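Please open the structure in your viewer and keep the selection tool at hand. We will go from stop to stop, choosing a group of residues each time and looking at what is there.

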Amino acid sequence: MRSSTPEDLSGRCERCYLPTALCLCADVPVIPTRTELLIIRHNKESQKSTNTARIAALALPRCHIVSYGAPGAPFDASVLDTPDTWLLFPDAPEAEGPPPKRLVVIDGSWAQARRMVQRVPALRRLPGMRLPPPAPDTRRLRKPPHPDGMSTLEAMAGALARLEGEELAKPLLTLHELMIERVLASRGRLGWENYL
């Protein structure tokens, strides 16, 4: 059974948006990184309990989220002006040279992400980083439209593994699996009794 996140977060944690009995916050690791991470999140993602960008930002002190597409609030592209910034996106031209100081991550459905990149010229000018596709048997909360699709949290873990090493990325992937379990439990597809 699928349900939407209540607007007032009734019965849900205000940080992770999961039902309070399944709150993930106590299990979120703190992962310091050299790389700063800027998530540009589509406004329609902001209230979803399945939004993995929210969970990534809880775990990564050098990560922050800016909103895109809120009614009456044009996107301020000046947040992209920092030197040594790359874009994590499948269609971005592959960057060369030393690793970036900052990585921009687009958060939204595949269609939303593509439109965001098309509509913000400053994003298209950034050097890019691509990731290999995930394993076909990877568990999902949402079905991606093509085999290369992955959640924002998975993509950030993959990028950090490449930039700063596999060991740094492992806790993020573990957190992703835990989030999947808790969301499935909240939908009645796993027993709540495991978390009470």
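Begin with the largest pocket of this predicted model, which has a volume of about 770 Å³. Select Gly108, Gly149, Met150, Ser151 and Thr152, since these are the residues that lie nearest the centre of the pocket, out of 36 that line it. Then colour E4, H2, H4 and H5, the elements that give two or more residues to this lining. If you colour the lining by class, you will find 17 nonpolar, ten polar and nine charged residues.

Next, stay with helix H2, which covers residues 110-119, and select its buried residues, namely Gln112, Ala113, Met116 and Val117. Turn the view until you look down the axis of H2: the buried residues fall within an arc of 130 degrees, so they line one face of the helix. What lies over these residues? The cover of the buried residues of H2 includes strand E1 (36-42), strand E2 (63-68), strand E4 (102-107) and helix H3 (121-124).

From here, move to the largest nonpolar core, which has 39 residues, and select Leu24, Leu37, Leu60, Leu103, Met156 and Leu172, the ones that touch the most other members. At least two residues of this core come from each of E1, helix H1 (52-59), strand E3 (85-88), E4, helix H4 (152-164) and helix H5 (166-186). Which helix gives the most to this core? It is H5, with nine residues.

Now pick out leucine 37 alone and show its surroundings. Leaving aside residues up to four places away in sequence, Leucine 37 touches Leu60, Arg62, Cys63, His64, Leu103, Val105, Met156 and Leu160. Apart from the core just visited lies another, of 17 residues, and you can find it by selecting Leu80, Ala92, Ile106 and Ala113, which are among its members. Ala113 is also one of the buried residues of H2 that you selected earlier.

For the last stop, select valine 66, which has its place in strand E2. Is valine 66 buried or exposed? Its relative accessible area is 17%, and because buried means under 20%, valine 66 counts as buried. Leaving aside residues up to four places away in sequence, valine 66 touches Leu38, Ile39, Ile40, Arg41 and Phe75. Finally, draw a line from the C-alpha of valine 66 to the C-alpha of leucine 38: the two residues are 28 residues apart in sequence, and 7.5 Å apart in space.

How values were computed
Residues are numbered from 1 along each chain as its sequence is written. This is a predicted model: local features need pLDDT of at least 70, side-chain atom pairs count only at pLDDT 80 or more; totals for chains, interfaces and linings use all residues. Side-chain values use heavy atoms; hydrogens and water are left out. Buried means under 20% relative accessible area, exposed over 50%, partly exposed in between (1.4 Å probe, protein chains only). Helices (H or I, at least four residues) and strands (E, at least two) are DSSP runs, numbered from the N terminus. The arc is that of the directions from the helix axis to the C-beta atoms. Contact means heavy atoms within 4.5 Å. A nonpolar core is a set of buried Ala, Val, Leu, Ile, Met, Phe, Trp, Tyr and Cys residues joined through side-chain atoms within 4.5 Å. On a 1 Å grid over the protein atoms alone, a cavity is a set of points where a 1.4 Å probe fits but cannot get out, and a pocket is an open set with protein on both sides within 12 Å along at least five of seven lines; lining residues have an atom within 4 Å of a point. Grid points are joined across faces, edges and corners, and a volume is the space filled by probe spheres set on the points. Ala, Val, Leu, Ile, Met, Phe, Trp, Tyr, Cys and Pro count as nonpolar, Asp, Glu, Lys and Arg as charged, and the others, Gly among them, as polar.
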